[in-house]
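Biologist: Happy to go through this one together. Could you take me through some of its side-chain pairings?

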Amino acid sequence: MGKKSSPKKRDASNLLAIKGLVKYFPVRAGFLSRVKNWVHAVDNVSLYVKEGETLGLVGESGCGKTTLGRCIMRLIEPTRGEILFEGRDMMKLNKRELREARRHMSIVFQDPIGSLNPRMLVKDVIGEPLVVNSVVKGQDVEKRVIELLDMVGLTQEHMWRLPHEFSGGQRQRITIARALSLGPKFIVLDEPTSALDVSVQSQILNLLQGLQRELGLTYLFISHNLDVIAYMSNRIAVMYLGKLVETGETREVYEKPFHPYTQALMSAIPPPDPSLKTQEIILQGEIPSPIRPPSGCRFHTRCSQANVLCNQKEPELKMLEDGRFVACHLYR
């Protein structure tokens, strides 16, 4: 896959900024279900997304990507931290203000069939946000649904069908249409193509890029597929065990990764020229438990370049001279 070109307005302001976001899940046990421990799903994460760009969030399964995306939407309540959307702290909004703010944010989930009510017609699936938020009424709802279906490559006839009557790719188009119903500025895309066939994946990715250009959308694209992230993203953020380890421009990170974990991820990508020989970095050991994360750098138990300091002190995510952010003691 080719790489997406950077947006023309690189001086755009931050649409979203996350500061020190933390999410711990309680581990309960015993007759009284007392809290015995905590799962450190997201631990002190800070990042930003510029207006009109796509930030790719990548990492192994269980690293906290999906939890972070849902915390941003406040589908899951963060333990602490700040979520600034258009300068407003989402954590300080009351119910009415949060409902209004959510009209400008949306999310597309990984499993399209699981996120669609099997008993609702497509007309009602897409039209429900319009009715609940009193955006349009009466026959105008149906007109808006037809417009949204057309935007995602479906027709008016599809309104009168149930979700099980569609293919996986068509169902994901329906969820995208629903996500667009209130005219959002920002969309979290949580593994939107991982449940689809490869041939269908490219169609959905191209659809998302076309909608972004047409509507001026901003994306947080969550995926473990490095090829998809390279194709869709302007910038990339790499997560490991609840922590950000590296962020930067997609092309720069792919061509010259700095953090040892990012280096291991990128080494697994096959080169475009089969005649070129590359050395894949095989990580040793298992991912530590998020209930009892290692002291110091969380990656040091699997890092071949770790030293004594890595075991003792947690590295901060600091900016290097070229604007890259890396959390590693190798770059003090």
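Biologist: How many salt bridges does a search of the whole structure find?

Modeller: This is a predicted model, where local features need pLDDT of at least 70, side-chain atom pairs count only at pLDDT 80 or more, and totals for chains, interfaces and linings use all residues. Residues are numbered from 1 along each chain as its sequence is written, and side-chain values use heavy atoms, with hydrogens and water left out. A salt bridge here is a side-chain nitrogen of Lys or Arg within 4 Å of a carboxyl oxygen of Asp or Glu. By that rule, the search of the whole structure gives 11.

Biologist: Nice! Which residue forms a salt bridge with Lys-185?

Modeller: Lys-185 sits in the loop between α5 and β7 (186-190), and its partner is in the loop between β4 (80-85) and β5 (88-89), so the pair ties together parts 99 residues apart in sequence. Helices (H or I, at least four residues) and strands (E, at least two) are DSSP runs, numbered from the N terminus. The closest N and O atoms are 2.5 Å apart, and the partner is Glu-86.

Biologist: And Lys-243, which pairs with Glu-314: is Lys-243 buried or exposed?

Modeller: Buried means under 20% relative accessible area, exposed over 50%, and partly exposed in between (1.4 Å probe, protein chains only). Glu-314, at 40%, is partly exposed. Lys-243 has a relative accessible area of 12%, so Lys-243 is buried.
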